Amino acid sequence: MVIARMVAGAGSALAMLTLSGCGMLWSCTDTTAERGEAGVRVDIVDESGRPVGVTAEVTGWRREPHPQVPEEGDQIHFDIRFEGAGQGSEPAVDACAVDEKRVVLGCHTVYSLMDIGREGTYTGDEYFAVDRPEQVAEVLLIPNDQSEHDRRTCEDDMKDGGGAHPPDIPTPGEQL
C-alpha cells in the first residue's frame, strides 16, 4: 500500500513538472528569411517580408581611393539615403557592388544610424573594398533588414535562440 502511494505521488509530481514546462524538451527552430530582390532603391523588409516603413536608395557611386588609405587603391564610394528612419526604426541593409551581369564583387552592411540628416531622412556615404573595382557596374541594396536583432541560433542557445533570421550577406560570385 505504501509503494502504491509513492508511485501515485511520483506521477503527480511528474505531471506538475511537465505542466509547468520544467520537464518538457525545448522545441527550437531556426528559419532564414528569403533574400529580397536587390535594387538601387528598396523598401526595407523584416524577417517576415513585411515592410518596416523605411526605404533605402543608392544616390550615386564612384571608384576612388579612400582618403585615409589611398595606398590601398580604388574602393567603392557610394552615397545612400534612408527615408522614414527614426522613431525607433533604425534598419540596416547590405550594399553590394556588382558587375554588368549582377554578379557580386563585394558587399558591405550599412546602418542607418551611422548616417546623419533631418528627422526621417538619413543621408551619408560609405566606402568598401572589392577585389576588382574596375568591374563594378552598379551598387545594389538588398532589402532585408540586417540591424542588430538577437541572432542566436538553436545551436547557440536551445532555450533562447531560434526564430526567423535575416539572410546572410551575399558573397562574391553570387548572382543577384
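1. Let me start with strand 6, which is mostly covered: of its eight residues, six are buried. Keep in mind throughout that this is a predicted model. Strand 6 pairs with strand 5 through seven bridges, and the two run antiparallel. In that pairing, V98 sits opposite V104 of strand 6. The hairpin made by strand 5 and strand 6 has five residues between the strands, and there R102 takes a positive phi near 65°.

2. Now the sheet that strand 6 belongs to. It is an open sheet of three strands in the order 6-5-8, with antiparallel pairing. Strand 6 (104–111) and strand 8 (138–142) each have a single partner strand, so one side of each goes without a neighbour in the sheet. Neighbouring strands here are turned against each other by 25° on average, direction ignored. On the other side of the pairing, strand 5 (residues 92–98) is joined to strand 8 by five bridges, again antiparallel. If you want one pair to look up, D94 has I142 in strand 8 as its bridge partner.

3. The other sheet to look at has four strands. Its order is 2-3-4-7, and this sheet is also open, with antiparallel pairing. Strand 2 (41–45) and strand 7 (121–128) are the edge strands, each pairing on one side only. The average turn between neighbouring strands in this sheet is 30°, direction ignored. Strand 2 and strand 3 (residues 51–65) run antiparallel and are joined by four bridges. Here V42 has A56 of strand 3 as its bridge partner.

4. Stepping back to the whole chain: there are one helix and nine strands, and the helix comes ahead of the strands in the pattern α-β-β-β-β-β-β-β-β-β. Of the 176 residues, 39% count as buried. Taking contacts between residues at least 6 apart in sequence, 66% join residues at least 24 apart. The accessible surface comes to about 10,400 Å², and carbon and sulfur atoms account for 53% of that.

5. What sits inside? The largest nonpolar core has 20 residues, and F78, F82 and L141 touch the most other members. At least two residues each come from strand 2, strand 3, strand 4 (74–83), strand 5, strand 6, strand 7 and strand 8. Strand 4 gives the most, with four residues. There is also a second, separate core of eight residues, with C96, V104, L140 and L176 among them. V104 is worth a second look, as this is the residue that V98 stands opposite.

6. Is Q75 buried or exposed? With a relative accessibility of 7%, Q75 falls under the 20% cut-off and therefore counts as buried. Q75 is found in strand 4. Neighbours within four places in sequence aside, Q75 is in contact with R62, R63, E64, P65, H66, V69, Y127, F128 and A129.

7. On to the charged pairs. The structure holds eight salt bridges. One of them joins the side chains of E174 and R35, at 2.7 Å from N to O. E174 lies in the segment after strand 9 (163–165) and R35 in the loop between strand 1 (30–32) and strand 2, so this pair ties together parts 139 residues apart in sequence. E174 is partly exposed, with a relative accessible area of 27%, and R35 is likewise partly exposed at 27% relative accessibility.

8. R102, from the hairpin in my opening point, turns up again in a salt bridge with E37, the closest N and O atoms being 3.4 Å apart. E37 lies in the loop between strand 1 and strand 2, and R102 in the loop between strand 5 and strand 6, so the pair ties together parts 65 residues apart in sequence. E37 counts as exposed at 63% relative accessibility, while R102 is partly exposed, with a relative accessible area of 22%.

9. Within the four-stranded sheet, R62 forms a salt bridge with D79, the closest N and O atoms being 3.0 Å apart. R62 lies in strand 3 and D79 in strand 4, so the parts tied together are 17 residues apart in sequence. R62 is partly exposed, with a relative accessible area of 29%, and so is D79, with 23%. R62 is also one of the residues in contact with Q75. Finally, R41, E57, R81 and E83 are linked in a network of salt bridges.

Methods:
Residues numbered from 1 in each chain as written. Predicted model: local features only at pLDDT ≥ 70, side-chain atom pairs only at ≥ 80, totals over all residues. Heavy atoms only, no water. Pairing = 2+ DSSP bridges. Axes fitted to C-alpha atoms, helices over the stretch in contact; angles between N-to-C directions. Buried < 20%, exposed > 50% of the residue type's maximum accessible area, 1.4 Å probe, protein only. Contact = heavy atoms within 4.5 Å. Areas by Shrake-Rupley, 256 points an atom, 1.4 Å probe, with all protein chains shown as cover. Core = buried A, V, L, I, M, F, W, Y, C linked by side-chain atoms within 4.5 Å.
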